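Reader: Could you walk me through this model, one question at a time? I would like to know how each answer is reached.

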Number of protein chains: 2
Amino acid sequence: MRIDIALDAMGSDKSPEPEIRGAVLAARHLPVQVHLIGPETRLRKMLAQHMRSTNHRHLPIKIVHASEWISMEDKAAAAVRSKRDSTMRVGLKMVREGRVAGFVTAGNTGAAMATAKMVLGTLPGVDRPALAAVLPTVAGRPSVLLDVGANVDCKAQHLVQFAMMGSMYASHVLKIEQPRVGLLSIGEEETKGNDLTRETFPLLRQQPLNFIGNVEGRDIYNGSADVIVCDGFVGNVALKTSEGIVKLVRESLRESLGATLSSQVGALLARKAFLNFKKRLDYSEYGGAPLLGLRGVCIVGHGSSNDRAILNGIRVAAEFAQTGLNAHLEHEFTLHPPAPATHTGLPVQ
Amino acid sequence: MRIDIALDAMGSDKSPEPEIRGAVLAARHLPVQVHLIGPETRLRKMLAQHMRSTNHRHLPIKIVHASEWISMEDKAAAAVRSKRDSTMRVGLKMVREGRVAGFVTAGNTGAAMATAKMVLGTLPGVDRPALAAVLPTVAGRPSVLLDVGANVDCKAQHLVQFAMMGSMYASHVLKIEQPRVGLLSIGEEETKGNDLTRETFPLLRQQPLNFIGNVEGRDIYNGSADVIVCDGFVGNVALKTSEGIVKLVRESLRESLGATLSSQVGALLARKAFLNFKKRLDYSEYGGAPLLGLRGVCIVGHGSSNDRAILNGIRVAAEFAQTGLNAHLEHEFTLHPPAPATHTGLPVQ
C-alpha cells in the first residue's frame, strides 16, 4: 500500500529538474506514490525524457496541473493572495481533502508557511506553526531545532508551544524516549539570556516536558539536548551560520588535504572521507524541515535542494504521516493546553 | 620600545597555567612587557617554576598583586561591586592611569564588560561597548562579528553604534579598506528580518558607512561582508553554534579518515591536515575579542583559552593600542554622532 505524497515541482532554485529526479528516486525506493504538481505539459515531457534516459517505464508518479508558482523573489503574503492556482495551494488543498498524506516543497518558506496556515489551518492550541530542523549531533542521534525561520519576534507562549511540538516530534517521529528539551540561550543559568528566554524559562518548567534548562549554541550539535527551542530569527541565523561554517571547513580541508596528500592514493582517500563527511552533514541527507502545528503534513526543503534532498523530503513526509503525529499533538494540546499568546505577531514575509 | 599590557592571570577556566605560559610566550615573541595580575606569591612561584623548566631567566614580565578574582560562576553585577581588589579592576585601573596600553582577560565576559564600563567609561557617543569577534572566512581575510554577547535586547541605535565601531576596527586594526558592513538578518531584502533589523536598516543607510544591506548567517564565513552587525544574543548564539559544528565536523572527519586511512602514512597525513585545519579555525589562533567603545583597550578571551590564545590576546591588545583606534573612534563619533538609544537596557549578567 503506497502512501500518496504531493510534491511541489516548481519550488527549488533549479526546479523542476531536482523535483523530477527526486520524484523518480522516491517512486523507486520508497513505498510512495508521488503527485508532481506544476505545469502539466512541461512536467509530462520532462518526466518522460528523464524516465527514458534512466530506463524506467512504469513508476507510481502522477502529474497534477497547477498554472502558477511562487518564486523565492515573490513577497510571500502578496503571492499567496494573488496566485490562486499556485503549486503550493494546489498541493496543500490535496492534503486538506485527504487525497494525499502530505505535501513537500523546496520553495519560498514564508509562502509555504502562509499558504499552509490558510489552507490547512493550525491544530487547536497552536498559535503559529513552527519550522523544525532535524540536525546531526556528535552523539550520533539527531537533535530538533525549532523554530528555524517561520516565526520572528516570538512571545514566550509561542516558544512553549514550539517546545511541546518539538518534543512530540522527537518522540513520535524520531523515536527518542523522553526527549530532553533545552531553551536556546547564552548561558546555562535561568537568569542568563534575553527578555524572551527569561520569560520563557519558568513557563517551560510548568509543562509536562523533560525540560533541561538553558542550552547554548554549541549544544545544538553535541547531543546534550534532543529538542532546542528558540525564536525563528535566532534559529534561522544558527542554521545558516552552520551552513556557512561547514563550507569554510570544507574549503580549509580541501586545501589542507591538497597540501599534504599529493599522491593519487591520497586524493582517493580524501575523496572517500569527504563523501562520508558530506553524508553526515549535508542538508540533502536530512531533506526538509517539517512545519509543525498544522492540520496536515507539510515539509519545507532547502531552496538549493538536489534530487537526494527531494527524495529525503518525501521520506520525511511519509514517516510524519505514518506516525499520526498530528493526532497525538491534538490530544496532548487538549490535555495540557499551553496558554495562548496574547499577540500572534508577524510571520516571515 | 616594549608595549605594556596587563594580563588577568586568573581569568581562564584553567587559570593561572595558560596565562603564565601565554605571558612567557608573549614576552619572548612580541615587543611587549606583560603585567601579570593576580595573587602575587602564588604567581611568582609558578612563573619561576615555568621559566626554570623552559630555561628562561630574564623576560619582560612583571607581577602585580590582586587579592581577588571573579569566577565564571560569579554573578557579574554583584561580583563587580563586591570584589574591589579583583584582577579585572586592578588591570583596568592600570589602563585608566596610562600605566599599560591595554588589558587582556579570559574571564567572565559580563564581569569584564561591567568592570570596564565602570573603570574606563565609554567613548562619547557610545551607549554600550560591544564585543567583537574576528572570524576566518573562505575569502581568506577575516570578518568582524559584533556584538557577540556583551549586550542583549538591543535597540536599533545600539546596532548603528556597533556598525560604526566595527567598521573602524576593520579599517584601522585589520587594515581593510572601506569595510563592507552587513546587518545580520534572515533574508536579503530590507523588509526581511525581525522588528529590530527592520528598524535598524534605514538608520544604517544614513551613516557614513559602506553599508551593503542585510546579510545571512552563512555570510559570516563566506567573506561577502567585512563587518556583520547584530544583537549580542544573536551574535553569541551564532558564535557558539559555530564552535559546536566545528567540533561535530572534527569528530565526523576523524571517523571518516579513520575508516579510510588505515596505514601509518594515512594517519600522519590526516594529522597534518588536522593541524592546518585547527590553525585556520581554532579560537586560540584568533585570540580574544576586543571590547569596542571603551576609553581604553580591553580584550576578552574565551574561557577555555590555552597559552596560544593568551599569546594572541596580548598580540591583539598591542595592535589595537598601537593603531590609536580609540582616538579615531572618538573623532568619528564627534563628526557623525549617531542618535543615542532612548533606553540603554541591560548588560549580560
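Author: Gladly, and one term comes up at once: two residues are in contact if their C-beta atoms, placed from the backbone, lie within 7 Å. Please keep in mind that this is a predicted model.

Reader: Thanks! With that in hand, which residues is Arg198(B) in contact with, leaving aside its neighbours within four places in sequence?

Author: Let us place the residue before listing its partners. Arg198(B) sits in helix 7 of chain B, which covers residues 195-206. Once neighbours within four places in sequence are set aside, the contacts of Arg198(B) are Thr191(B) and Gly193(B).

Reader: Does Arg198(B) count as buried or exposed?

Author: The call rests on counting C-beta neighbours, and a residue with 20 or more of them within 10 Å is buried. Arg198(B) has 20 such neighbours inside 10 Å, so it counts as buried.

Reader: How far apart in space are Arg198(B) and Ser71(B), C-alpha to C-alpha?

Author: In sequence, 127 residues separate Arg198(B) and Ser71(B). In space, their C-alpha to C-alpha distance is 38 Å.

Reader: Staying with chain B, how are helix 1 and helix 2 oriented to each other?

Author: Helix 1 of chain B spans residues 17-29 and helix 2 of chain B spans residues 40-53; their axes come within 10 Å and cross at roughly 55 degrees. Angles from 65 to 115 degrees would count as roughly perpendicular and those under 35 as roughly parallel. The crossing angle therefore makes helix 1 of chain B, relative to helix 2 of chain B, oblique.

Reader: What is the make-up of the residues in the contact of helix 1 of chain B with helix 2 of chain B?

Author: The two helices of chain B pass each other in a right-handed crossing. Helix 1 of chain B brings Ile20(B), Arg21(B) and Val24(B), while helix 2 of chain B brings Met46(B), Leu47(B), His50(B) and Met51(B). Sorted by type, the residues of this contact are one charged, one polar and five nonpolar.

Reader: Turning to chain A, which peptide bond leading to a proline is cis?

Author: The proline is Pro16(A), in the loop between strand 1 (3-8) and helix 1 (17-29) of chain A. Omega is near 0 degrees for the bond that runs to Pro16(A) from Ser15(A). The cis bond is Ser15(A) to Pro16(A).

Reader: Where in chain A is Asp147(A) found?

Author: Asp147(A) also follows a cis peptide bond, which comes from Leu146(A) and has omega near 0 degrees. Its place is the loop between strand 6 (143-146) and helix 6 (156-172) of chain A.

Reader: Asn55(A) has a positive phi although it is not a glycine; is Asn55(A) buried or exposed?

Author: Its phi is about 60 degrees, and Asn55(A) lies in the loop between helix 2 (40-53) and strand 3 (61-65) of chain A. A residue with 12 or fewer neighbours is exposed. Asn55(A) has 6 C-beta neighbours inside 10 Å, so it counts as exposed.

Reader: Finally, over which residues of chain A does pLDDT stay under 50?

Author: Chain A averages a pLDDT of 88, and 88% of its residues score at least 70. Where pLDDT is low, the predicted coordinates should not be read in detail. The stretch of chain A with pLDDT under 50 is residues 343-349.

Key: Residues are numbered from 1 along each chain as its sequence is written. Chains are lettered from A and ligands numbered from 1 in the order in which they are written. This is a predicted model: local features need pLDDT of at least 70, side-chain atom pairs count only at pLDDT 80 or more; totals for chains, interfaces and linings use all residues. pLDDT is the predictor's confidence in each residue, from 0 to 100. Axes are lines fitted to C-alpha atoms, for helices over the stretch in contact, and angles run from 0 to 180 degrees between N-to-C directions. Helices (H or I, at least four residues) and strands (E, at least two) are DSSP runs, numbered from the N terminus. Angles under 35 degrees count as roughly parallel, over 145 as roughly antiparallel, 65 to 115 as roughly perpendicular and the rest as oblique. A crossing is left-handed if the near helix is turned anticlockwise from the far one by less than a right angle, and right-handed if clockwise. Ala, Val, Leu, Ile, Met, Phe, Trp, Tyr, Cys and Pro count as nonpolar, Asp, Glu, Lys and Arg as charged, and the others, Gly among them, as polar.
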